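Colleague: Hi! Could you walk me through this structure? I'd like to get my bearings before I go back to the bench.

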Amino acid sequence: TPITATIPAGTEAARVQELGHIVLYVSNLERSVAFYNGVLGWPVRMRPNRFPAAGFRAGNTHHDLLLIEVGPEAAPLPAGRRLGMYHFGVKVGNSDDELRAMLARLEANPELVTVVGQSDHGMTHSLYVHDPDGNEVELYIDVPGVDWDDPEILATPTQPLNL
């Protein structure tokens, strides 16, 4: 039996407009800022004085990413298949040369980042990394000339990416 949602009359316009931001709990704020700002180059836009947090902005919203320090005693992410977020993706350029440059930055900072994969999805070329707390981040470029309106594009088999 298919599962459907009920849309009350007059609420058709109430829908998601865009992804606004992601919030991550981190064990050590300074270490995470070193990764997201220092390694990835994501600009820090806010550092509140009242509690240990940092906000980053690269797009058109007030903040794309917010980190909140919860301390080293917090439970780590469980390994393996689990419910919850798998990863989030951030575009890091428009060419494989820019993706190679990002890979060089990642490899120069093994104490802050672990590269866990490289994939050619047909429509994107992607690096997969774990941040200092084990959150997975996809760093990608869009492959030029791909027709994202083609319904078959998501069925493109993933291939290894060799940068």
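Modeller: Happy to! Let's begin with helix H2: at 1.5 Å a residue, its 12 residues should span 16 Å, and the end C-alpha atoms are 16 Å apart, which agrees. Bear in mind that this is a predicted model.

Colleague: Good to know. Which residues of H2 are buried?

Modeller: Leu99, Met102, Leu103 and Leu106 are buried in H2. Looking down the axis of H2, you find its buried residues within an arc of 105 degrees, so they line one face of the helix.

Colleague: And what do those buried residues pack against?

Modeller: The buried residues of H2 pack against helix H1 and against strands E5, E6, E7 and E8.

Colleague: Sounds like there's a sheet there. What's the strand order?

Modeller: The order is E5-E8-E7-E6-E9, an open sheet of 5 strands with mixed pairing. Its edge strands are E5, residues 88-93, and E9, residues 159-160, each of which pairs on one side only. Helix H2, residues 96-107, packs on this sheet and touches E5, E6, E7 (124-130) and E8 (136-142). The direction of H2 makes about 10 degrees with that of E7.

Colleague: How many bridges hold E6 and E9 together?

Modeller: There are 2 bridges, and the pairing of E6 (residues 114-120) with E9 is antiparallel. Asp120 has Gln159 of E9 as its bridge partner, and Ser119 is matched with Pro160, also in E9.

Colleague: What about E6 and E7, parallel or antiparallel?

Modeller: E6 and E7 run antiparallel, joined by 6 bridges. One pairing to look for is Thr114, which stands opposite His130 in E7. The hairpin of E6 and E7 has 3 residues between the strands, and Gly122 in this hairpin takes a positive phi near 85 degrees.

Colleague: Nice. Let me jump to the earlier strands. How do E1 and E4 run, parallel or antiparallel?

Modeller: E1 (residues 22-26) and E4 (residues 65-69) run parallel, with 5 bridges joining them. If you want a pair to click on, Tyr25 has Ile68 in E4 as its bridge partner.

Colleague: Which way does E3 pair with E4?

Modeller: That pairing is antiparallel: E3, residues 53-56, is paired with E4 over 4 bridges. There you can find Phe56 opposite Leu65 of E4.

Colleague: Switching topic to charges. How many salt bridges are there?

Modeller: The count comes to 4 salt bridges. One of them is between Arg31 and Asp133, whose closest N and O atoms are 3.2 Å apart. Arg31 sits in helix H1 (residues 29-39) and Asp133 in the loop between E7 and E8, so this pair ties together parts that are 102 residues apart in sequence.

Colleague: Is that Arg31 buried or exposed?

Modeller: Neither quite fits: Arg31 is partly exposed, with a relative accessible area of 30%.

Colleague: Fair enough! Which residue does Lys91 meet in a salt bridge?

Modeller: Lys91 meets Asp142, at 3.5 Å from N to O. Lys91 belongs to strand E5 and Asp142 to strand E8, so the pair ties together parts that are 51 residues apart in sequence. Both ends are partly exposed: the relative accessible area is 43% for Lys91 and 25% for Asp142.

Colleague: Back to H2 for a second. What does Arg100 pair with?

Modeller: Arg100 forms a salt bridge with Asp97, and their closest N and O atoms are 2.6 Å apart. Both residues lie in helix H2, 3 residues apart, which is about one turn of the helix.

Colleague: How accessible are those two? Start with Arg100.

Modeller: Arg100 is partly exposed, at a relative accessible area of 35%. Asp97 is exposed, at 57%.

Colleague: One last thing: how far is Asp97 from Gly41?

Modeller: Their C-alpha atoms are separated by 16 Å, and the two residues are 56 residues apart along the chain.

Colleague: Great, thanks. What should I remember about H2 when I open the viewer?

Modeller: Remember that H2 packs on the sheet, and that its buried residues, including Leu99 and Leu106, line one face of the helix. Then look for Asp97, an exposed residue in that helix. Have fun exploring!

Methods: Residues are numbered from 1 along each chain as its sequence is written. This is a predicted model: local features need pLDDT of at least 70, side-chain atom pairs count only at pLDDT 80 or more; totals for chains, interfaces and linings use all residues. Side-chain values use heavy atoms; hydrogens and water are left out. Two strands pair if DSSP finds at least two bridges between them. Contact means heavy atoms within 4.5 Å. Axes are lines fitted to C-alpha atoms, for helices over the stretch in contact, and angles run from 0 to 180 degrees between N-to-C directions. A salt bridge is a side-chain nitrogen of Lys or Arg within 4 Å of a carboxyl oxygen of Asp or Glu. Buried means under 20% relative accessible area, exposed over 50%, partly exposed in between (1.4 Å probe, protein chains only). The expected span of a helix is 1.5 Å times one less than its number of residues. The arc is that of the directions from the helix axis to the C-beta atoms.
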